[in-house]
Amino acid sequence: MTFKKDSMRGLFYNKKFVSAFSLVAAFIFWLVITINQNPERTRVFSNLTVSVTTEGTAAEEFGLQVISQDVDMANVTISGPSYVIASLSAADISITADVADVNKAGVREIDLTARCISDSSVKVLSVSPAKIKVKFDYVESRTYKITPEHIGVTVPEGSGLSIEAATFAKSSDAEINISGPRTELDKIASVKAVANVNSVLSETGAFDADIKLFDVDGKQLDAANYTLGKTTVKITVPIYAQKNVPVVVVFDNKPSGRTDDDILRKQSVTKVDIKGHADLLETVTSIYVNIDYNDIEPNQKYEKAIIAPSGTKFSDGSESLPIIVETKRYKLW
């Protein structure tokens, strides 16, 4: 027993022990004073994140989602034991948005509440703002057709070239999948792929085109309100040359020794203007109208169609033109 007392007494002659003991005693003394003299303290946590979710609520069951909210940050004032308040951080404060009664799309005013998740003795005095506006809606996905469009395309003056309607480099780019709030999707009246070319072209070219959304009045919509399956596509701007070619009427299965001139009396169209890529037009020397000899009678008129060669069009943009074919007075065998 005497040994233990001497050992304890000796510790107080040890400078390191005395220093450590003094610090611990000072802290305990400060803690006792703090608790007794200043038992309650208030503190404000600023710019805490406000997250609104429908998870686990009736709104989720109805398929509603949070589209936007007018406030993303809030301030929370708390009170509690001074030593507890001093030890808290922003991570200890939770802000909840009450969406329990949300059951349809629209903008709702939602109450905000807060609590200290680490110590139940802490009281929440206020949340500022106490309410926020939240937009709820159904999120859907729809498919739209895209119209290609070029801007600022010209051809050399006097070249005889023509600018044709843009087409898609890939047929799969003709449609787009767009997701977003139902009320926003309902605003989309048209989708365009617009290429700002602003160049003089002598031949067909391919260009990047931006996807743009428009309402019924032609006003461009903000793409940030939607999720687009793609934001750009490649479009082709066709530059066509023009050529005048003869139209030749051919009678199939005609009697041996007879020519087409023996049967044909008159045709309403003898030449046509076609347009297409210059290299393709070089291969076209004539356009043929085929008629079965067994289907005709002498001294009659027949309306047939002149079909533009594949890859070309007539000058009016059509792919076929009518022609009247007249046979001679007598059927020759």
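Me: How many bridges join strand 12 to strand 14, and in which sense do these strands run?

Reply: In general, the strands of a sheet pair through backbone hydrogen bonds, in either a parallel or an antiparallel manner. Here six bridges join strand 12 to strand 14 (residues 232-237), and the two run antiparallel, with Gly205 standing opposite Val237 in strand 14. A strand is a DSSP run of E with at least two residues, numbered from the N terminus, and two strands pair if DSSP finds at least two bridges between them. The model is a predicted one, in which local features need pLDDT of at least 70 and side-chain atom pairs count only at pLDDT 80 or more, while totals for chains, interfaces and linings use all residues. Residues are numbered from 1 along each chain as its sequence is written, and side-chain values use heavy atoms, with hydrogens and water left out.

Me: Which strand forms a hairpin with strand 12, and how many residues lie between them?

Reply: Strand 11 is the partner, and four residues lie between it and strand 12 in this hairpin. Over five bridges, strand 11 (residues 190-200) pairs with strand 12 (residues 205-214) in the antiparallel sense, and Ala193 has Ile211 in strand 12 as its bridge partner.

Me: In what order do strands 1, 3 and 6 form their open sheet?

Reply: The order is 1-3-6, with antiparallel pairing, and the edge strands are strand 1 (40-49) and strand 6 (123-128), each of which pairs on one side only. From one strand to the next the twist averages 20 degrees, where axes are lines fitted to C-alpha atoms and angles run from 0 to 180 degrees between N-to-C directions. Strand 3 and strand 6 are paired over five bridges, and Asn75 stands opposite Ser128 in strand 6.

Me: Is Thr77 buried or exposed?

Reply: As background, the side chains of a regular strand alternate between the two faces of the sheet. Thr77 lies in strand 3 (residues 73-81) and is buried, because its relative accessible area is 19% and buried means under 20%, with exposed over 50% and partly exposed in between, for a 1.4 Å probe and protein chains only. Leaving aside neighbours within four places in sequence, Thr77 is in contact with Arg43, Val44, Lys123, Val124, Leu125 and Ser126, contact meaning heavy atoms within 4.5 Å.

Me: Which strands are the edge strands of the open sheet 16-21-19?

Reply: Three strands form this sheet in the order 16-21-19 with antiparallel pairing, and its edge strands are strand 16 (264-267) and strand 19 (301-307). Neighbouring strands of this sheet are turned against each other by 35 degrees on average, direction ignored. Strand 19 pairs with strand 21 (residues 320-327) over seven bridges, and Ile307 stands opposite Ser320 in strand 21.
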